[in-house]
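Thank you for making room for me this morning. I would like to walk slowly through one structure, and I ask you to keep the picture in view while I talk.

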Amino acid sequence: MVVTPTLLALFTLALLMLGSSLARASHQMRVDDPLLGRSLFRFYPLEVSETGIYRWSRPEATLFLYGYDGRAVVTSLRLAAFRPADQPVALVHLRSDTLDQGSFPVDSVWRTYHLLMPMRPTGETPLYFTTAAYQSPADPRELGVALSDVTIAATPGLMLHPVRLVYLLGWPLLGWLALVRLRASPRLAVGGGLVMALGAGWAAAFPVEAGYWWPTLGWPWWPLLPFALLMGARQLGLLLARVRSYLISHSTLSLAGIGLALGALLALRLGFAVAPGMLLLVVGTWLGQVWLKRAALRQGLLSTRKVAIMLALLGLLALGTRLVNLDTQPAGLWRDESRHGLQALRIWEDPAYRPVYVVEGADLPALLFYLMAPVIGSFGPHPWSVRLVSALAGALTPLALYWASVPLIGRRAALVAAGLLASASWALSMSRWAFPATLDHLLVLTALGLVWRTLPVDASQLSLFDAPRTKPEVNQQRRSIVPSMIGMAVAGLLGGLAMYTYHTGRLAPVALGAAVVIRLGLNPYLWRKAAPGLAIALVVGALMITPLGLAILGDLEGYNRRVGTVSWLDANNPVSRTPLALALDNLQRYALAYHAIGERNGRHHLPDVPLLDPVTGLLLALGLGAALPRLRQQPGLLVVVTLGVIYLVPAVLSNDAPHAMRALGTLAPACMLAGIGFVGLRYGLGGSPDQIDEPAPSAFASTISRVYPKEKPVPPLIRAAPLMLLGASLLFNLWLYFGVMRLDPRVYGEFDLVETAVGRLIQQDHEQNNLVSEDLTIYLPEALRTADTVRFMTWGIELGRYDGRPLEAEGAAVILLPASADDTEQAAALAALGAEGRALGVVATKPHGTPLVLAFGRGQAADRMLR
């Protein structure tokens, strides 16, 4: 513990000095360099002309500079501001966080401007551009200055700032010490430290590239705080053990900790400061673990009859909450929903159109459109018909979650997880509109349940609360080979189908593969026994995704276009542009999204409201605290946590965090962990579950029973408290979605209300045959007539085009305008209808009664239709 880190530190220091001596004193980047492209904020795309390659800035723009931390550098900018001779010369104002460079004129020809400025000792250095907006007659954009290339040249001095030196020096020591604390072999620990030392040498040799990919972040807390915690890990562990032993003898304090955690979650919803609120949640969760641990082995097994009744009730709850008012909540269609409906209609009516992946108009795999096609084709283009497939998939997902969860976490925890998912406002929001995200998780969870049941099992694979009813070896002898092969084939089929759903479906093979690895472990016998089933699953899955693979080979760029545009590397972040900083910022946002600050997009959830209700949030925290220490002993828990991590990664590595749709895959693991938390809380309060099989006590169970003696029974009201919490969670979610979100303009205002209302009016008129029998023509402005939602809802209906000019003099006619039309536009509509034209008034309103659509008409048919 002395010699090894000393030698490692000396070796790292030598590499840092060597790298610094080899580092370039300057770095030049053209505007088409990917690194410079990712360093620009509020710059327009790349342009090529006879004068060269450049990018225009907006009037307010930022250039982020990397490397040479804490050094004085000369930054050379090749700029131009192309203006006509009669326009004033452009003035650009440059400033950084530490220095204001002032304003200077930029010529209409390319010139290089040199700035002497200090670089920040940590992170990147932003250089802010401020220019008077210029608009060319042939270009509607607001332009600032054109940038061609950037050169950074360091002034003479130490190549590594002391902060950067300590930061890079700390990483190898941290890596070595972390591996030592994890009880890795000495050779592995030293090898890990040496690898990080080589990385530190690379960072010193390439300061600009390393400043982008490996910046100095979190100083001084990182690396000093984790190093101190690792050094004092043993002493800290002894202190926590003493506190834990005190809590065991004073269990009321542990219950008070659970109350503290719940109070913190409620306070966060009421606007309490995020940092102290999250700290109180962590402290309360840790205190509550003592109560959960003493009850962990007292869970019994539910009878099949009770489970069937509960599942039926949960299925009805999930189905009812996803189908009620599906046509009117959300209040309008979103354009992407309408585009998906248009794809389905085209598939239904055009036998030659059979897409696999739709690039233009959807940017999604086509499975959802094929499922929607018979529904919309049979019942017509309505909001409810385009949303029905997603709603049904969302209603079936809680049952799939139960199916996948039972062998992982036990029946009771699985039932609670399914119930929480059935009523979660997050799940309701994602299920009640026409997107394939719910399909993805329905298929993956079903496949996971098949994989876990059909693969051979190791004797050590027990759930957290359920002991095995029979010995695994006996189960393996009695298990038929044919059902196992069928189960694995179906799992491969479902995993392949998941890749035809949403973009996160690409993770289906990763998630199922991780479950296989965890299930089989490092046991060669189990792998040999599972080989036939795995081979069948791979073959079926490969056959299933063959059409998609061929489509990808035909248009790889189109397949990855959407994923590329939402990448975290292209995030529109004005504060930071380094990948590590952006990823850590996204990770922090998702850590807060479940409990403190949620999604900002009203189409996905109520803006800024946590994605989970306080009860589910509490149970999630308790369940996660109970699961983490047992990951090595409980493979089922490892699968749950692994699933959450796998589906969190694409959300973290994309922009617009937190994003409820991209992170939807984490909801099922979160509900599983919440189910574990509920079971521990419920039976820690003195419950006595009915047991069918009394498992033989293991060594672990005997140890727990000695450490945690049985408590005296508590009053029934306290025993019922966890059930009351579940009821509160159900009522809270139903109130939030069907009460608050239905009437919140931040939610319904995100949908195409005007277009949907216009489509409804035209559909109603068409169903009454007024357009045919009464010779009535409905006219729409071109922007409204060509909107995706109007095109979808008026599929097959002929509409008139209104462009402000007088209409044909004969026949009854109606002009529909959005209520936002000003007096001039309304007067023009009346004039276009001729002498008989009149205002028919408001014909559609928002949920709060605000006018939405205005109608102008002539002839009696118009009055009868709008009545």
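Where is Arg 183 found? Before I answer, please keep in mind that what you see is a predicted model. Arg 183 is found in the loop between helix 3 and helix 4, and it is exposed, with a relative accessible area of 78%. Its backbone deserves attention too, since the phi of Arg 183 is near 65°, a positive value in a residue other than glycine. Most residues other than glycine have a negative phi, and most peptide bonds are trans.

A second arginine belongs beside that one. For Arg 42, phi is near 65° as well, again a positive value in a residue other than glycine, but Arg 42 is found in strand 2, which covers residues 40-43. With a relative accessibility of 37%, Arg 42 counts as partly exposed, because partly exposed covers the range between under 20%, which is buried, and over 50%, which is exposed.

From phi we can turn to the peptide bonds. Trp 219 and Pro 220 are joined by a cis peptide bond, with omega at about 0°, and Pro 220 sits in the loop between helix 5 (207-213) and helix 6. Another cis bond runs from Ala 657 to Pro 658, where omega is near -5°, and Pro 658 lies in the loop between helix 24 (635-652) and helix 25 (667-684).

Let us follow the chain from Pro 220 into helix 6, which spans residues 221-231 and in which Pro 223, Pro 226 and Leu 230 are buried. When you look down the axis of helix 6, these buried residues fall within an arc of 70°, so they line one face of the helix. The general reason is worth remembering: an α-helix has 3.6 residues a turn, so residues three or four places apart point the same way. What do the buried residues of helix 6 pack against? They pack against helix 3 (162-181) and helix 7 (233-249).

Helix 7 brings us to the packing of pairs of helices. Two packed helices are described by the angle between their axes and the distance between the axes. Helix 7 and helix 8 pack at an angle of about 105°, with their axes 4 Å apart, and that makes helix 7 roughly perpendicular to helix 8. On the side of helix 7 the contact is made by Tyr 246, Leu 247, Ile 248 and Ser 249, and on the side of helix 8 by Ser 251, Leu 253 and Ser 254. Sorted by class, the residues of this contact of helix 7 with helix 8 are four nonpolar, three polar and no charged.

Helix 8, residues 251-269, also packs with helix 23, residues 614-627, at an angle of about 135° and with the axes 9 Å apart. Helix 8 and helix 23 are therefore oblique to each other, and helix 8 passes helix 23 in a right-handed crossing. Among the residues that make the contact are Ile 258, Leu 262 and Arg 269 of helix 8, together with Pro 614, Gly 617 and Leu 622 of helix 23. This contact of helix 8 with helix 23 has eight nonpolar, one polar and one charged residues.

For a third pair, please find helix 10 (residues 304-323) and helix 14 (residues 411-423), which pack at an angle of about 15°, with their axes 9 Å apart. That makes helix 10 roughly parallel to helix 14, and the crossing of helix 10 past helix 14 is left-handed. Where they meet, the residues of helix 10 include Val 307, Leu 311 and Leu 314, while those of helix 14 include Leu 415, Ala 418 and Ala 422. The residues of this contact of helix 10 with helix 14 divide into ten nonpolar, four polar and two charged.

I will end with two single residues. Is Ala 205, which is found in helix 4 (residues 186-205), buried or exposed? Ala 205 is buried, with a relative accessible area of 16%. Leaving aside its neighbours within four places in sequence, Ala 205 is in contact with Gly 19, Ala 23 and Arg 24, and its C-alpha is 9.0 Å from that of Met 17, although Ala 205 and Met 17 are 188 residues apart in sequence. Asp 608, in turn, has its place in the loop between helix 22 (579-593) and helix 23, and at 43% relative accessibility it counts as partly exposed.

Definitions and conventions
Residues numbered from 1 in each chain as written. Predicted model: local features only at pLDDT ≥ 70, side-chain atom pairs only at ≥ 80, totals over all residues. Heavy atoms only, no water. Axes fitted to C-alpha atoms, helices over the stretch in contact; angles between N-to-C directions. Helix = DSSP H or I, 4+ residues; strand = E, 2+ residues; numbered from the N terminus. Parallel < 35°, antiparallel > 145°, perpendicular 65-115°, else oblique. Left-handed = near helix turned anticlockwise from the far one by under 90°. Contact = heavy atoms within 4.5 Å. Nonpolar A, V, L, I, M, F, W, Y, C, P; charged D, E, K, R; others polar. Buried < 20%, exposed > 50% of the residue type's maximum accessible area, 1.4 Å probe, protein only. Arc of directions from axis to C-beta.
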